[in-house]
Amino acid sequence: MRKILDYAQPSLQGTLRIPGDKSVSHRSIMFGSIAKGETTIEGFLQSDDCLATIDCFTKLGVEILIDGENVQVKSNGIDAWKEPSDILYTGNSGTTTRLMLGILAGSNLTTVLIGDESIQKRPMKRVTAPLKKMGAHFIGREDAQFTPIAMEGKKLQAIHYKMPVASAQVKSAILLAALNAEGETILTEIEISRDHTEKMLRHFGADLTVEDKTIYLTGGQKLTGTHVVVPGDISSAAFFLAAGSIVPNSKLVLQNVGLNPTRTGIVDVLKEMGANVSILELDNVSHEEIGDITVETSELKGTEIGGDLIPRLIDEIPIIALLATQATGKTIIKDAEELKVKETNRIDAVVNELKKLGANITATADGMIIEGPTPLHGGDIDTYGDHRIGMMAAIASLITSTAVTIDNENCIAVSYPNFFEHLLSVIK
Ligand code: S3P
(Lines give C-alpha, C1' and ligand atoms only; values in the text may rest on other atoms or scores of the structure.)
Protein backbone atom coordinates (compact mmCIF):
# COMPACT_ATOMS: atom_id res chain seq x y z
CA MET A 1 0.00 0.00 0.00
CA ARG A 2 1.30 3.50 -0.85
CA LYS A 3 2.02 5.83 2.05
CA ILE A 4 1.46 9.54 1.48
CA LEU A 5 4.04 11.82 3.08
CA ASP A 6 2.76 15.37 3.24
CA TYR A 7 4.36 17.56 5.90
CA ALA A 8 3.56 21.25 5.40
CA GLN A 9 6.83 23.20 5.82
CA PRO A 10 7.87 21.58 9.09
CA SER A 11 10.74 22.43 11.37
CA LEU A 12 12.38 19.67 13.40
CA GLN A 13 13.02 20.09 17.11
CA GLY A 14 13.73 17.63 19.88
CA THR A 15 15.73 14.70 21.14
CA LEU A 16 15.73 11.14 19.83
CA ARG A 17 17.26 8.05 21.39
CA ILE A 18 18.58 6.18 18.36
CA PRO A 19 17.65 2.47 18.28
CA GLY A 20 20.24 -0.30 18.43
CA ASP A 21 22.89 -0.85 15.79
CA LYS A 22 21.87 -3.50 13.26
CA SER A 23 25.40 -4.84 12.69
CA VAL A 24 26.13 -5.11 16.41
CA SER A 25 22.69 -6.61 17.19
CA HIS A 26 23.21 -9.43 14.62
CA ARG A 27 26.66 -10.15 15.97
CA SER A 28 25.50 -10.18 19.62
CA ILE A 29 23.10 -13.04 18.81
CA MET A 30 25.67 -14.89 16.70
CA PHE A 31 28.49 -14.58 19.23
CA GLY A 32 26.15 -15.39 22.12
CA SER A 33 25.07 -18.55 20.28
CA ILE A 34 28.66 -19.62 19.49
CA ALA A 35 29.75 -18.95 23.09
CA LYS A 36 29.26 -21.28 26.01
CA GLY A 37 27.12 -19.90 28.81
CA GLU A 38 24.65 -17.07 29.08
CA THR A 39 24.81 -13.83 27.11
CA THR A 40 22.62 -10.87 28.02
CA ILE A 41 22.07 -8.13 25.47
CA GLU A 42 20.88 -4.60 26.20
CA GLY A 43 19.67 -2.19 23.50
CA PHE A 44 19.06 -4.95 20.93
CA LEU A 45 17.44 -3.77 17.68
CA GLN A 46 14.18 -5.68 17.27
CA SER A 47 14.04 -5.17 13.50
CA ASP A 48 13.05 -7.67 10.81
CA ASP A 49 16.70 -8.33 9.86
CA CYS A 50 17.84 -9.00 13.43
CA LEU A 51 14.78 -11.14 14.16
CA ALA A 52 15.76 -13.28 11.13
CA THR A 53 19.11 -13.94 12.85
CA ILE A 54 17.35 -14.93 16.07
CA ASP A 55 15.05 -17.24 14.11
CA CYS A 56 18.04 -19.05 12.52
CA PHE A 57 19.68 -19.72 15.89
CA THR A 58 16.42 -20.80 17.48
CA LYS A 59 16.15 -23.41 14.71
CA LEU A 60 19.69 -24.52 15.65
CA GLY A 61 18.49 -25.22 19.19
CA VAL A 62 19.85 -22.10 20.93
CA GLU A 63 17.54 -20.73 23.63
CA ILE A 64 16.84 -17.04 22.98
CA LEU A 65 14.44 -14.98 25.08
CA ILE A 66 13.38 -11.54 23.87
CA ASP A 67 12.03 -8.92 26.24
CA GLY A 68 11.88 -5.73 24.16
CA GLU A 69 15.43 -4.40 23.83
CA ASN A 70 16.74 -6.97 26.31
CA VAL A 71 17.66 -10.39 24.97
CA GLN A 72 19.03 -13.44 26.74
CA VAL A 73 20.95 -16.11 24.80
CA LYS A 74 21.66 -19.48 26.44
CA SER A 75 23.99 -21.83 24.59
CA ASN A 76 26.27 -24.77 25.25
CA GLY A 77 28.48 -23.65 22.39
CA ILE A 78 28.59 -24.36 18.66
CA ASP A 79 29.22 -28.10 19.13
CA ALA A 80 25.92 -28.45 21.00
CA TRP A 81 23.72 -27.01 18.21
CA LYS A 82 21.21 -29.39 16.70
CA GLU A 83 20.73 -30.06 13.00
CA PRO A 84 17.70 -27.97 12.00
CA SER A 85 14.71 -29.84 10.60
CA ASP A 86 13.81 -26.80 8.50
CA ILE A 87 15.67 -24.48 6.12
CA LEU A 88 17.16 -21.37 7.74
CA TYR A 89 15.42 -18.25 6.41
CA THR A 90 17.57 -15.11 6.45
CA GLY A 91 14.89 -12.71 5.15
CA ASN A 92 16.29 -9.50 3.59
CA SER A 93 19.50 -9.64 5.60
CA GLY A 94 22.89 -9.83 3.85
CA THR A 95 24.66 -9.83 7.21
CA THR A 96 22.67 -12.84 8.45
CA THR A 97 23.17 -14.75 5.20
CA ARG A 98 26.90 -14.17 4.75
CA LEU A 99 27.91 -14.51 8.40
CA MET A 100 25.79 -17.68 8.81
CA LEU A 101 27.64 -19.19 5.82
CA GLY A 102 30.93 -18.59 7.65
CA ILE A 103 29.66 -19.92 10.96
CA LEU A 104 27.88 -23.02 9.63
CA ALA A 105 30.54 -24.06 7.09
CA GLY A 106 32.78 -25.14 9.99
CA SER A 107 30.06 -26.63 12.22
CA ASN A 108 29.23 -30.34 12.35
CA LEU A 109 25.76 -29.79 10.82
CA THR A 110 24.08 -30.00 7.43
CA THR A 111 22.02 -26.87 6.80
CA VAL A 112 20.24 -25.00 4.01
CA LEU A 113 20.02 -21.18 3.83
CA ILE A 114 17.53 -19.15 1.85
CA GLY A 115 16.58 -15.46 1.89
CA ASP A 116 13.93 -13.24 0.33
CA GLU A 117 13.76 -12.18 -3.35
CA SER A 118 16.45 -9.51 -2.88
CA ILE A 119 18.84 -11.89 -1.05
CA GLN A 120 18.38 -14.51 -3.77
CA LYS A 121 19.96 -12.03 -6.22
CA ARG A 122 22.87 -10.90 -4.02
CA PRO A 123 26.36 -12.37 -4.62
CA MET A 124 27.52 -15.01 -2.17
CA LYS A 125 30.66 -16.25 -3.95
CA ARG A 126 32.65 -13.48 -2.27
CA VAL A 127 32.05 -15.55 0.88
CA THR A 128 31.70 -19.12 -0.41
CA ALA A 129 34.90 -18.97 -2.55
CA PRO A 130 37.31 -18.24 0.36
CA LEU A 131 35.36 -20.61 2.63
CA LYS A 132 35.79 -23.35 0.00
CA LYS A 133 39.54 -22.71 0.12
CA MET A 134 39.29 -23.44 3.87
CA GLY A 135 37.62 -26.79 3.05
CA ALA A 136 33.93 -25.84 3.16
CA HIS A 137 31.37 -27.77 1.12
CA PHE A 138 28.48 -25.84 -0.47
CA ILE A 139 25.84 -26.67 -3.03
CA GLY A 140 24.09 -23.69 -4.61
CA ARG A 141 23.18 -22.00 -7.88
CA GLU A 142 26.07 -20.88 -10.12
CA ASP A 143 28.70 -22.57 -7.98
CA ALA A 144 27.29 -21.25 -4.68
CA GLN A 145 26.99 -17.68 -5.93
CA PHE A 146 23.29 -17.47 -4.99
CA THR A 147 21.01 -18.78 -2.26
CA PRO A 148 19.45 -21.22 -1.64
CA ILE A 149 22.75 -22.73 -0.53
CA ALA A 150 23.11 -26.11 1.20
CA MET A 151 26.15 -26.78 3.38
CA GLU A 152 27.68 -29.85 4.86
CA GLY A 153 29.72 -28.63 7.85
CA LYS A 154 33.41 -29.68 7.77
CA LYS A 155 36.49 -29.22 9.91
CA LEU A 156 38.08 -26.18 8.22
CA GLN A 157 41.72 -25.15 7.76
CA ALA A 158 43.06 -21.64 8.34
CA ILE A 159 43.57 -19.43 5.30
CA HIS A 160 45.88 -16.60 4.21
CA TYR A 161 43.56 -14.41 2.18
CA LYS A 162 43.59 -10.97 0.54
CA MET A 163 40.02 -9.78 0.24
CA PRO A 164 39.13 -8.46 -3.23
CA VAL A 165 36.32 -6.21 -1.88
CA ALA A 166 36.02 -3.93 1.16
CA SER A 167 33.26 -5.82 2.94
CA ALA A 168 32.73 -6.39 6.65
CA GLN A 169 30.36 -9.23 5.81
CA VAL A 170 33.06 -11.10 3.89
CA LYS A 171 35.66 -10.33 6.57
CA SER A 172 33.33 -11.47 9.34
CA ALA A 173 32.28 -14.69 7.58
CA ILE A 174 35.96 -15.67 7.20
CA LEU A 175 36.85 -14.69 10.78
CA LEU A 176 33.93 -16.66 12.20
CA ALA A 177 34.95 -19.71 10.15
CA ALA A 178 38.58 -19.15 11.22
CA LEU A 179 37.58 -19.20 14.88
CA ASN A 180 36.63 -22.87 14.55
CA ALA A 181 39.36 -23.82 12.04
CA GLU A 182 42.80 -25.40 12.43
CA GLY A 183 45.74 -23.00 12.34
CA GLU A 184 46.25 -19.23 12.08
CA THR A 185 44.17 -17.25 9.59
CA ILE A 186 45.73 -14.11 8.15
CA LEU A 187 43.24 -11.82 6.44
CA THR A 188 44.06 -8.59 4.60
CA GLU A 189 41.48 -5.98 3.57
CA ILE A 190 41.80 -3.60 0.62
CA GLU A 191 40.19 -0.86 2.68
CA ILE A 192 39.26 -1.02 6.34
CA SER A 193 35.58 -1.95 6.75
CA ARG A 194 33.49 -1.81 9.93
CA ASP A 195 35.29 -3.73 12.69
CA HIS A 196 32.45 -4.79 14.99
CA THR A 197 33.38 -8.46 14.58
CA GLU A 198 36.98 -7.87 15.70
CA LYS A 199 35.76 -5.82 18.67
CA MET A 200 33.12 -8.35 19.67
CA LEU A 201 35.53 -11.29 19.36
CA ARG A 202 37.65 -9.57 22.02
CA HIS A 203 34.57 -8.82 24.09
CA PHE A 204 33.71 -12.55 24.15
CA GLY A 205 37.26 -13.43 25.23
CA ALA A 206 39.02 -14.25 21.94
CA ASP A 207 42.55 -13.15 21.15
CA LEU A 208 43.34 -11.60 17.77
CA THR A 209 45.88 -9.15 16.39
CA VAL A 210 45.03 -6.30 14.04
CA GLU A 211 47.87 -4.50 12.26
CA ASP A 212 46.56 -1.84 9.88
CA LYS A 213 44.60 -3.79 7.21
CA THR A 214 45.69 -7.28 8.34
CA ILE A 215 44.04 -9.47 10.97
CA TYR A 216 45.65 -12.55 12.59
CA LEU A 217 43.32 -15.05 14.29
CA THR A 218 44.27 -18.49 15.61
CA GLY A 219 41.55 -21.13 15.38
CA GLY A 220 40.25 -23.34 18.15
CA GLN A 221 39.46 -20.49 20.55
CA LYS A 222 36.32 -20.80 22.63
CA LEU A 223 34.03 -17.87 23.38
CA THR A 224 32.38 -17.32 26.75
CA GLY A 225 28.94 -15.77 27.24
CA THR A 226 28.97 -12.16 28.46
CA HIS A 227 26.93 -8.94 28.68
CA VAL A 228 26.65 -6.83 25.51
CA VAL A 229 25.42 -3.25 25.34
CA VAL A 230 24.38 -2.37 21.77
CA PRO A 231 25.02 1.27 20.78
CA GLY A 232 22.47 3.19 18.68
CA ASP A 233 22.87 2.78 14.92
CA ILE A 234 24.69 5.70 13.28
CA SER A 235 23.22 4.51 9.95
CA SER A 236 19.73 5.17 11.38
CA ALA A 237 20.86 8.42 13.02
CA ALA A 238 22.14 9.50 9.59
CA PHE A 239 18.57 10.11 8.34
CA PHE A 240 17.93 12.56 11.18
CA LEU A 241 21.38 14.14 10.83
CA ALA A 242 20.49 14.89 7.23
CA ALA A 243 16.96 16.03 8.10
CA GLY A 244 18.25 18.37 10.83
CA SER A 245 20.69 19.96 8.37
CA ILE A 246 18.31 20.56 5.46
CA VAL A 247 14.95 21.32 7.08
CA PRO A 248 14.69 25.06 7.96
CA ASN A 249 14.68 26.15 11.64
CA SER A 250 15.71 22.75 12.97
CA LYS A 251 17.76 21.50 15.87
CA LEU A 252 17.97 17.85 16.86
CA VAL A 253 19.85 16.01 19.57
CA LEU A 254 20.50 12.34 18.77
CA GLN A 255 21.42 10.29 21.80
CA ASN A 256 23.18 6.97 22.25
CA VAL A 257 24.78 6.95 18.78
CA GLY A 258 27.51 4.38 18.06
CA LEU A 259 30.67 6.28 17.14
CA ASN A 260 32.95 3.46 16.06
CA PRO A 261 35.49 5.26 13.81
CA THR A 262 34.90 2.71 11.02
CA ARG A 263 31.29 4.00 10.84
CA THR A 264 31.55 7.78 11.30
CA GLY A 265 32.16 8.76 7.67
CA ILE A 266 28.76 10.48 7.61
CA VAL A 267 29.83 12.90 10.34
CA ASP A 268 33.08 13.68 8.49
CA VAL A 269 31.11 14.35 5.29
CA LEU A 270 28.56 16.55 7.05
CA LYS A 271 31.38 18.62 8.56
CA GLU A 272 33.14 18.81 5.18
CA MET A 273 29.86 20.05 3.64
CA GLY A 274 29.67 22.78 6.28
CA ALA A 275 26.93 21.28 8.45
CA ASN A 276 26.41 22.53 11.94
CA VAL A 277 27.00 19.19 13.64
CA SER A 278 28.82 18.37 16.85
CA ILE A 279 29.62 15.22 18.77
CA LEU A 280 29.68 14.85 22.50
CA GLU A 281 31.73 11.72 23.13
CA LEU A 282 30.39 10.10 26.19
CA ASP A 283 31.35 6.53 26.75
CA ASN A 284 32.75 3.21 25.65
CA VAL A 285 30.38 0.25 25.94
CA SER A 286 31.24 -3.37 25.11
CA HIS A 287 34.38 -2.24 23.20
CA GLU A 288 32.34 0.29 21.15
CA GLU A 289 32.28 4.09 21.44
CA ILE A 290 28.97 5.93 21.92
CA GLY A 291 27.95 9.55 22.23
CA ASP A 292 25.34 12.20 21.46
CA ILE A 293 25.25 14.23 18.25
CA THR A 294 23.58 17.59 17.75
CA VAL A 295 22.68 19.00 14.37
CA GLU A 296 21.16 22.31 13.27
CA THR A 297 19.94 23.73 9.96
CA SER A 298 22.99 24.48 7.86
CA GLU A 299 24.23 26.08 4.64
CA LEU A 300 25.77 23.12 2.80
CA LYS A 301 28.36 23.00 0.04
CA GLY A 302 29.15 20.17 -2.38
CA THR A 303 31.98 17.73 -1.71
CA GLU A 304 33.87 14.77 -3.13
CA ILE A 305 33.54 11.34 -1.51
CA GLY A 306 35.65 8.32 -2.46
CA GLY A 307 38.54 6.01 -1.53
CA ASP A 308 38.84 4.76 2.04
CA LEU A 309 35.93 6.96 3.13
CA ILE A 310 33.45 4.79 1.18
CA PRO A 311 33.39 1.74 3.52
CA ARG A 312 32.95 4.18 6.46
CA LEU A 313 29.64 5.47 5.02
CA ILE A 314 28.54 2.89 2.46
CA ASP A 315 25.00 2.60 3.89
CA GLU A 316 24.64 6.39 4.14
CA ILE A 317 25.08 7.16 0.44
CA PRO A 318 21.33 7.36 -0.34
CA ILE A 319 20.81 10.02 2.34
CA ILE A 320 24.08 11.79 1.43
CA ALA A 321 22.79 12.05 -2.15
CA LEU A 322 19.68 13.81 -0.83
CA LEU A 323 21.86 16.16 1.25
CA ALA A 324 23.88 16.95 -1.88
CA THR A 325 20.74 18.09 -3.73
CA GLN A 326 20.52 20.91 -1.15
CA ALA A 327 24.24 21.79 -1.18
CA THR A 328 25.72 24.54 -3.31
CA GLY A 329 27.92 23.15 -6.08
CA LYS A 330 28.86 19.70 -7.25
CA THR A 331 29.03 16.55 -5.13
CA ILE A 332 30.92 13.62 -6.62
CA ILE A 333 30.54 10.14 -5.11
CA LYS A 334 33.03 7.65 -6.56
CA ASP A 335 34.64 4.25 -5.77
CA ALA A 336 31.21 3.06 -4.62
CA GLU A 337 30.52 0.15 -7.04
CA GLU A 338 29.48 -1.91 -3.98
CA LEU A 339 26.22 0.07 -4.01
CA LYS A 340 25.14 -2.07 -6.96
CA VAL A 341 24.95 -5.21 -4.79
CA LYS A 342 23.11 -3.84 -1.76
CA GLU A 343 19.43 -4.57 -0.97
CA THR A 344 18.86 -3.19 -4.46
CA ASN A 345 21.17 -1.48 -6.97
CA ARG A 346 21.47 1.72 -4.94
CA ILE A 347 23.15 3.74 -7.69
CA ASP A 348 20.17 3.21 -9.99
CA ALA A 349 17.58 3.46 -7.22
CA VAL A 350 18.91 6.71 -5.72
CA VAL A 351 19.43 8.38 -9.10
CA ASN A 352 16.05 7.33 -10.55
CA GLU A 353 14.04 8.23 -7.47
CA LEU A 354 15.72 11.56 -6.67
CA LYS A 355 15.33 12.56 -10.33
CA LYS A 356 11.58 12.03 -9.95
CA LEU A 357 11.65 14.73 -7.23
CA GLY A 358 13.51 17.17 -9.46
CA ALA A 359 17.13 16.52 -8.41
CA ASN A 360 20.00 17.22 -10.80
CA ILE A 361 21.72 13.85 -10.39
CA THR A 362 23.58 11.55 -12.79
CA ALA A 363 24.68 7.96 -12.35
CA THR A 364 28.32 7.07 -13.03
CA ALA A 365 29.98 3.65 -13.24
CA ASP A 366 31.07 3.79 -9.59
CA GLY A 367 28.76 6.31 -7.98
CA MET A 368 26.91 9.50 -8.88
CA ILE A 369 27.27 13.24 -9.44
CA ILE A 370 24.82 15.70 -7.92
CA GLU A 371 24.53 19.44 -8.66
CA GLY A 372 22.79 21.66 -6.17
CA PRO A 373 21.01 23.37 -4.67
CA THR A 374 17.76 22.26 -6.31
CA PRO A 375 14.26 22.83 -4.92
CA LEU A 376 12.51 19.44 -4.82
CA HIS A 377 8.88 18.69 -5.62
CA GLY A 378 6.69 15.71 -4.74
CA GLY A 379 6.42 12.46 -6.64
CA ASP A 380 5.74 8.72 -6.44
CA ILE A 381 8.79 6.91 -5.12
CA ASP A 382 9.55 3.22 -5.56
CA THR A 383 11.53 1.86 -2.62
CA TYR A 384 12.53 -1.32 -4.49
CA GLY A 385 11.82 -2.95 -1.09
CA ASP A 386 14.96 -1.20 0.22
CA HIS A 387 14.64 0.33 3.71
CA ARG A 388 17.24 3.02 3.06
CA ILE A 389 15.51 4.21 -0.14
CA GLY A 390 12.23 4.39 1.81
CA MET A 391 13.79 6.51 4.56
CA MET A 392 15.61 8.72 2.04
CA ALA A 393 12.24 9.46 0.40
CA ALA A 394 10.59 10.18 3.75
CA ILE A 395 13.29 12.71 4.67
CA ALA A 396 13.07 14.23 1.18
CA SER A 397 9.33 14.75 1.70
CA LEU A 398 10.12 17.18 4.55
CA ILE A 399 11.47 19.69 1.99
CA THR A 400 9.36 18.98 -1.10
CA SER A 401 6.79 21.52 -2.31
CA THR A 402 4.11 18.81 -2.71
CA ALA A 403 3.48 15.33 -1.30
CA VAL A 404 5.79 12.34 -1.77
CA THR A 405 4.35 8.84 -1.79
CA ILE A 406 6.28 5.63 -1.15
CA ASP A 407 5.13 2.25 -2.40
CA ASN A 408 6.15 0.17 0.61
CA GLU A 409 6.57 1.60 4.09
CA ASN A 410 6.95 -1.88 5.61
CA CYS A 411 10.46 -2.35 4.21
CA ILE A 412 11.71 0.28 6.66
CA ALA A 413 11.19 -2.21 9.51
CA VAL A 414 14.29 -4.05 8.31
CA SER A 415 16.47 -1.57 10.22
CA TYR A 416 14.29 1.11 11.86
CA PRO A 417 10.84 -0.19 12.90
CA ASN A 418 9.86 3.01 14.76
CA PHE A 419 11.22 5.41 12.12
CA PHE A 420 7.88 7.18 11.45
CA GLU A 421 7.09 7.40 15.16
CA HIS A 422 10.46 9.13 15.68
CA LEU A 423 9.93 11.38 12.67
CA LEU A 424 6.49 12.52 13.83
CA SER A 425 7.78 13.17 17.35
CA VAL A 426 10.27 15.82 16.14
CA ILE A 427 8.06 17.55 13.53
CA LYS A 428 6.92 20.95 14.87
C1 S3P B 1 27.38 -4.89 7.27
C2 S3P B 1 28.33 -4.63 6.32
C3 S3P B 1 28.08 -3.81 5.12
C4 S3P B 1 26.81 -2.98 5.26
C5 S3P B 1 25.67 -3.78 5.81
C6 S3P B 1 26.01 -4.34 7.17
C7 S3P B 1 27.74 -5.74 8.42
O8 S3P B 1 27.92 -4.68 4.02
O9 S3P B 1 26.47 -2.42 4.02
O10 S3P B 1 24.52 -2.98 5.93
O11 S3P B 1 26.95 -5.81 9.38
O12 S3P B 1 28.81 -6.35 8.38
P13 S3P B 1 29.17 -5.20 3.14
O14 S3P B 1 29.99 -6.08 3.98
O15 S3P B 1 28.55 -5.93 1.99
O16 S3P B 1 29.91 -3.96 2.73
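Let me start with a cavity. D21, H196, P231, G232, I234, G258, L259, N260, R263 and E288 line the second largest cavity. Keep in mind that this is a predicted model. The volume of that second largest cavity is about 50 Å³. Its lining splits by class into three nonpolar, four polar and three charged residues.

How many cavities of 30 Å³ or more does the structure hold? Two. The largest has about 60 Å³ of space. Its lining residues are V24, H196, K199, M200, H203, V228, V229, S286 and E288. Two elements, α7 and β14, give two or more residues to that lining. Which element gives the most? Helix α7 does, with four residues. By class, the lining of the largest cavity has four nonpolar, three polar and two charged residues. Look at H196 and E288. They line the largest cavity, and they also appear in the lining of the second largest.

Now to α7 itself. This helix covers residues 196–203, and it packs with α6, residues 168–179. Their axes are 9 Å apart, at an angle of about 30°. Angles under 35 degrees count as roughly parallel, and α6 and α7 are therefore roughly parallel to each other. Which residues make the contact? From α6 come K171, S172, L175 and L179. From α7 come T197, E198 and L201. By class, that contact has three nonpolar, two polar and two charged residues.

Next, β14, the other element in the cavity lining. Strand β14 belongs to an open sheet of four strands. The order is β4-β5-β3-β14, and the pairing is mixed. Why is one side of β4 and of β14 left without a neighbour in the sheet? Because β4, residues 63–67, and β14, residues 227–229, stand at the edges, each with a single partner strand. From one strand to the next, the twist averages 15°.

At the β4 edge, the partner is β5, residues 70–76. The two strands pair in the antiparallel sense, over five bridges. One pair to find on screen: I64 has V73 in β5 as its bridge partner.

Last, the helix on this sheet. Helix α1, residues 22–34, lies across β3, β4, β5 and β14. Relative to β5, α1 runs at about 30°. Strand β3 covers residues 36–42. And we are back at the cavities: V24, in the lining of the largest one, falls within the residue range of α1.

Conventions:
Residues numbered from 1 in each chain as written. Predicted model: local features only at pLDDT ≥ 70, side-chain atom pairs only at ≥ 80, totals over all residues. Heavy atoms only, no water. Pairing = 2+ DSSP bridges. Axes fitted to C-alpha atoms, helices over the stretch in contact; angles between N-to-C directions. Contact = heavy atoms within 4.5 Å. Parallel < 35°, antiparallel > 145°, perpendicular 65-115°, else oblique. Nonpolar A, V, L, I, M, F, W, Y, C, P; charged D, E, K, R; others polar. 1 Å grid on protein atoms, 1.4 Å probe; cavity = no way out; pocket = protein on both sides within 12 Å on 5 of 7 lines; lining within 4 Å. Points joined across faces, edges and corners; volume = space filled by probe spheres on them.
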